[in-house]
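Work through the three exercises below with the structure in view. Try each task before reading its solution.

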Amino acid sequence: MPNRQLHEKNRKSWNSATRAHNSHKRDQAGFLRGGGSVLFPEELALLGALSEQKLVHLQCNSGQDSLELARRGARVTGVDISDEAVVFAQNLSRDSGIDASFERADVYDWLARSRPTEECFDVVYCSYGALCWLSDLPTWARGVADALSAGGRLVLVEFHPVAMAFDDERRLAHRYSGGKKLEWKEGVSDYVAESGEGLAPMGFEPGDSRFENGHACYEFAWSVGETVQAVLDAGLVLEALREYPYSNGCRFWSDMRLLDGRRYALPDDSGEIPLMFSLVARKPR
Ligand SMILES: C[S@@+](CC[C@H](N)C(=O)[O-])C[C@H]1O[C@@H](n2cnc3c(N)ncnc32)[C@H](O)[C@@H]1O
C-alpha cells in the first residue's frame, strides 16, 4: 500500500526545497523560449521522436524538462505532489510561451484517477530522482501500465540505487533494496546549489545560499532488480536496460569531476560504480 502520510510529509519538504532550487536558476523562461536545453542525450535518445506523442511526465517538479519535451513536439501533462513546483511549472509555461498542462497530485492518486477515464498515453516518462519517493513500487508500475495505450512505452532514466546506498563521504551506509523507509531529518537538500552549472544550464545564481529545510523527508530504496521485476509483473515488456558510470547534472559527492555535457564522474583515482540507469518497457498491443 502506498504510504500517503509520508508522501504528505515529502510534499512539504519538496515545497521548501523547490523554492531554494529555483532561486539558483537564471531566467528560466527566456532560456526555454530561446531554445535552451535542460535535457540530456540519454533521455532524448530513449524517448525518440516526440512529435504529437501524448506524454505524461510523472514527478515533473518545476516542469523545466516537461516544457522542453513540449517544445520538441510532445503533448505533455506534468504531475507532481509539490504545490510550489506545480505553480512554478504553470507560470513557466505561461512565461516561456510553451504549452503543457500541470497537475498537482500524489502520483498514486493521479494514476488511479487516470485509469477509469481511459485517458491513455503514448509515453510515461519518469526521471532523475523519482523512484526513491515511491513507497509502493508494484502499485506504481501497475498504474503506469494502466496509463499507457497499447504499444505505449515507459521511459525511465534514474540515478542508480547503488550510488544512493553511499553517504556524503562515499561510505556504504544505506540500504540498496526492499523499499524500507529512510528518514532524512534535514529534509530535501539544496542539491542544485551543490551541483552548480550541472543543474543550471541557464546560468547559476547564488540565490538562497543559507537554505535550511524545516521539513523531514522519507525515501524508499528500490534495487534495479526490484524495479525491473515490478515493471515486468505489471505486464510491460522490457526493451532496454542500461547503466552509466556518470551522473547527469547532479553532483553526489564534492570530489566529483565535471565532464563535458554537464555530467559528473567519480575522481580519476577511484574505482567505478554505476551512477545512473535507464529502462524502456512497452505495453503489448
Ligand atoms: C528530484 S525531483 C524529480 C525531478 C524531475 N526529474 C524533473 O524533471 O525536474 C522529485 C519530484 O518527485 C516529487 N514527488 C515526490 N513524491 C511524490 C508523490 N508521491 N507523488 C508525486 N510527486 C512526488 C517531488 O515533489 C519532486 O518534484
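Three short exercises on this predicted model follow.

**Exercise 1. The sheet**

Task: Find the strand order of the open sheet of seven strands, then explain what sets its edges apart.

Solution:
- Step 1. Read across the open sheet: the order is β3-β2-β1-β4-β5-β12-β8, and the pairing is mixed.
- Step 2. Look at the two ends. β3 (101-104) and β8 (237-244) each have a single partner strand, so one side of each has no neighbour in the sheet.
- Step 3. Check the twist. From one strand to the next it averages 15 degrees.
- Step 4. Zoom in on one pair. Strands β1 (residues 54-58) and β2 (residues 75-80) run parallel and are joined by five bridges. L55 has V76 as its bridge partner in β2.

**Exercise 2. Helix and core**

Task: State which strands helix α7 lies across, then examine the largest nonpolar core.

Solution:
- Step 1. Helix α7 (residues 137-147) lies across β1, β4 (121-127) and β5 (148-159). It runs at about 135 degrees to β5.
- Step 2. The largest nonpolar core counts 75 residues. V124, V144 and L154 have the most contacts inside it.
- Step 3. Follow V124. Leaving out residues up to four places away in sequence, V124 touches V56, L58, V144, A147, L148 and L154.
- Step 4. Set this beside a general tendency: in soluble globular proteins, nonpolar side chains tend to be buried together.

**Exercise 3. The ligand shell**

Task: Describe the residues that surround the ligand.

Solution:
- Step 1. Count them: 18 residues surround the ligand. Q59, N61, I81, G129 and W133 are the closest.
- Step 2. Sort the shell: eight are nonpolar, seven polar and three charged.
- Step 3. Trace the largest share. Helix α1 (residues 4-23) supplies it, with three residues.

Key: Residues are numbered from 1 along each chain as its sequence is written. This is a predicted model: local features need pLDDT of at least 70, side-chain atom pairs count only at pLDDT 80 or more; totals for chains, interfaces and linings use all residues. A residue is near a molecule or strand if its C-beta atom, placed from the backbone, lies within 6 Å of it. Helices (H or I, at least four residues) and strands (E, at least two) are DSSP runs, numbered from the N terminus. Ala, Val, Leu, Ile, Met, Phe, Trp, Tyr, Cys and Pro count as nonpolar, Asp, Glu, Lys and Arg as charged, and the others, Gly among them, as polar. A nonpolar core is a set of buried Ala, Val, Leu, Ile, Met, Phe, Trp, Tyr and Cys residues joined through C-beta atoms within 7 Å. A residue is buried if 20 or more other C-beta atoms lie within 10 Å of its own, exposed if 12 or fewer, and partly exposed in between; C-beta atoms are placed from the backbone. Two residues are in contact if their C-beta atoms, placed from the backbone, lie within 7 Å. Two strands pair if DSSP finds at least two bridges between them. Axes are lines fitted to C-alpha atoms, for helices over the stretch in contact, and angles run from 0 to 180 degrees between N-to-C directions.
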